[in-house]
Amino acid sequence: MVLGGTLGLAGWWFSGQVMGMAQAKDKGVKGGKVMVRLLTEAGKPGAAREVAEVVRPDKEWAVRLSVEQFRVGRTAGTERAFCGVFHDNHKKGIYFCAGCGLPLFQSGDKFDSGTGWPSFFQPFADENIGEESDSALGMSRTEVHCVRCKMHLGHVFPDGPKPTGLRYCINSAVLNFEDAGEVPSTETIFLGAGCFWGVEEAFSKFAGVKNVEVGYAGGSTKNPTYEDICRHGTGHAEVVKVEYDPQKVSTEKLLQRFFTMHDSTTLNRQGPDVGDQYRSAIFFTRPEQEAVAWDVIDKLSAAKKFSSPIVTQVELAGPYTRGEEYHQKYFEKHGGGGCHVPTE
Ligand SMILES: [Zn+2]
């Protein structure tokens with residue numbers, strides 16, 4: 001089960017403290033790329049790999065984040081002590097970035113600092129955390145943020161326990177938590193592979209898939225209509241929401257099928273369908289799904305399965321809008337002639 005980091009937040013300590021985050025000098029940041037370690041399905045940090053930085057205008061962050069997440073994560077705010085949902089969380093699991101899904105901390109490195117904020121003696125991976133000196137409030141502190149999307153997380157202090165002697169003092173609001181003690185019976189992933197009618201039909205017949213529906217994701221507005229999507233002004237992709245039983249079908253197998261049903265090498269295009277609504281996209285809901293997605297892409301690329309590079313967007317799922325009823329199960333209702341999705 002994945003818990004959001006802002007449930008039950010009742011207040012804040014002080015807001016809007018401004019720090020010099022804009023010019024973050026993170027190690028490993030080069031030309032819009034960062035080196036990070038993703039979460040493997042075994043629950044461990046994977047090999048360091050290069051991914052694109054996540055950069056959005058504030059108005060898009062405001063659509064994706066709650067008011068509290070935006071205040072803390074994008075304006076360097078601080079939640080009130082003892083008010084966040086995770087300062088007293090003792091469950092086993094992974095804390096990941098509410099902005100981009102990057103794994104940031106794990107329960108085994110958490111300790112009770114008595115400060116009222118979640119405290120860790122080390123990050124999930126050194127690569128995943130950026131640091132910046134912070135002299136706001138007349139104090140000399142070290143600010144920490146997600147290296148990929150620059151969400152402000154909190155500060156690190158040199159008064160932590162062994163073995164590192166560090167105390168990462170983190171706001172709950174900017175974290176999501178994946179409970180390792182709970183095996184999910186259903187996982188969800190949103191897949192864009194061109195016109196969603198045929199993609200929905202194909203996944204509805206795939207062994208291990210429990211439910212499918214079509215909708216819109218990856219855009220900059222909430223609750224778009226099909227007409228909004230077709231005007232290409234909101235950045236939404238046509239997607240299929242796939243709910244599957246991880247005991248019956250692996251994420252890897254699902255994504256292998258995904259790459260056989262569309263052209264992942266053409267930007268914003270599937271055959272005659274042109275526009276960003278038809279882009280190839282994987283919107284993951286659990287950080288392990290991201291690692292699997294990149295593994296599948298790496299293997300296809302290494303095997304030279306396609307003549308051009310894969311351009312599939314891989315991103316943490318944001319707001320999703322279910323498509324209009326007349327788009328649901330369209331081919332079941334009307335027949336599927338002429339669809340771009342090949343049968344298997
Ligand atoms: Zn992030």
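How many of the nine residues of helix α3 (residues 196–204) are buried? Eight of them are, and the helix is mostly covered. The legends below start from an overview of this predicted model and then take its parts in turn.

**Figure 1. Overview of the predicted chain.** Seven helices and 22 strands make up the chain. Of its 344 residues, 42% count as buried. Contacts with a separation of 6 or more come largely from distant parts of the sequence: residues 24 or more positions apart account for 71% of them.

**Figure 2. Helix α3 and the elements around it.** Phe-196, Trp-197, Gly-198 and Val-199 are buried in α3. So are Glu-200, Glu-201, Ala-202 and Phe-203, which complete the buried set of the helix. These buried residues pack against four elements:
- strand β15 (187–193);
- strand β16 (209–217);
- strand β17 (237–244);
- helix α7 (330–334).

**Figure 3. The largest nonpolar core.** This core has 74 residues. Those with the most contacts inside it are Cys-97, Leu-104, Cys-146, Leu-191, Val-199, Val-239 and Val-240. The core draws on two domains, with at least three residues from each of domain 1 (2–179) and domain 2 (187–334). In soluble globular proteins, nonpolar side chains tend to be buried together. Leu-191 gives a close-up of the core. Neighbours within four places in sequence left aside, Leu-191 is in contact with Val-199, Val-239, Val-240 and Val-242. Phe-258 and Ile-282 are also in contact with Leu-191.

**Figure 4. Strand β20 (residues 280–284) between β15 and β21.** All five residues of β20 are buried. Both faces are covered. Ser-280, Ile-282 and Phe-284 lie on one side, with Ala-281 and Phe-283 on the other. β20 pairs with β15 in the antiparallel sense over five bridges. Here Phe-283 is the bridge partner of Phe-190. β20 also runs parallel to strand β21 (residues 313–316), joined by four bridges. In this second pairing, Phe-283 stands opposite Glu-315. The link from β20 to β21 passes through helix α6 (residues 287–302), and this β-α-β crossover is right-handed.

**Figure 5. Strand β6 (residues 93–97) and its two pairings.** Five of the five residues of β6 are buried, so the strand is largely enclosed by the rest of the structure. Five bridges join β6 to strand β14 (residues 175–179), and the two run antiparallel. Three bridges join β6 to strand β7 (residues 103–106), also in the antiparallel sense. Tyr-95 takes part in both views: Phe-177 stands opposite Tyr-95 in β14, and Phe-105 stands opposite Tyr-95 in β7. β6 and β7 form a hairpin, with five residues between the strands. In the turn, Gly-101 has a positive phi of about 85°.

**Figure 6. The open six-strand sheet.** The strands follow the order β8-β9-β13-β12-β11-β10, and their pairing is antiparallel. β8 (110–111) and β10 (129–134) stand at the edges. Each has a single partner strand, so one side of each is left without a neighbour in the sheet. Inside the sheet order, strand β11 (residues 141–146) and β12 pair over four bridges in the antiparallel sense. His-145 stands opposite His-152 in β12.

**Figure 7. Helix α2 (residues 67–74) and its packing partners.** Seven of the eight residues of α2 are buried, and the helix is mostly covered. The buried residues are Glu-68, Gln-69, Phe-70, Arg-71, Val-72, Gly-73 and Arg-74. They pack against α1 (58–64), β5 (78–79) and β12 (152–157). Just after the helix, Ala-76 takes a positive phi of about 55°.

**Figure 8. Lys-44 in its loop.** The loop runs between β3 (33–36) and β4 (49–52). Is Lys-44 buried or exposed? Lys-44 is exposed, because 12 other C-beta atoms lie within 10 Å and a residue with 12 or fewer counts as exposed. Lys-44 and Phe-124 are 80 residues apart in sequence. In space, their C-alpha atoms are 8.7 Å apart.

Definitions and conventions:
Residues are numbered from 1 along each chain as its sequence is written. This is a predicted model: local features need pLDDT of at least 70, side-chain atom pairs count only at pLDDT 80 or more; totals for chains, interfaces and linings use all residues. A residue is buried if 20 or more other C-beta atoms lie within 10 Å of its own, exposed if 12 or fewer, and partly exposed in between; C-beta atoms are placed from the backbone. Two residues are in contact if their C-beta atoms, placed from the backbone, lie within 7 Å. Two strands pair if DSSP finds at least two bridges between them. A nonpolar core is a set of buried Ala, Val, Leu, Ile, Met, Phe, Trp, Tyr and Cys residues joined through C-beta atoms within 7 Å. Domain bounds come from an automatic or database domain assignment. A crossover is right-handed if, with the strands pointing away from the viewer, the path from the first strand over the helix to the second runs clockwise.
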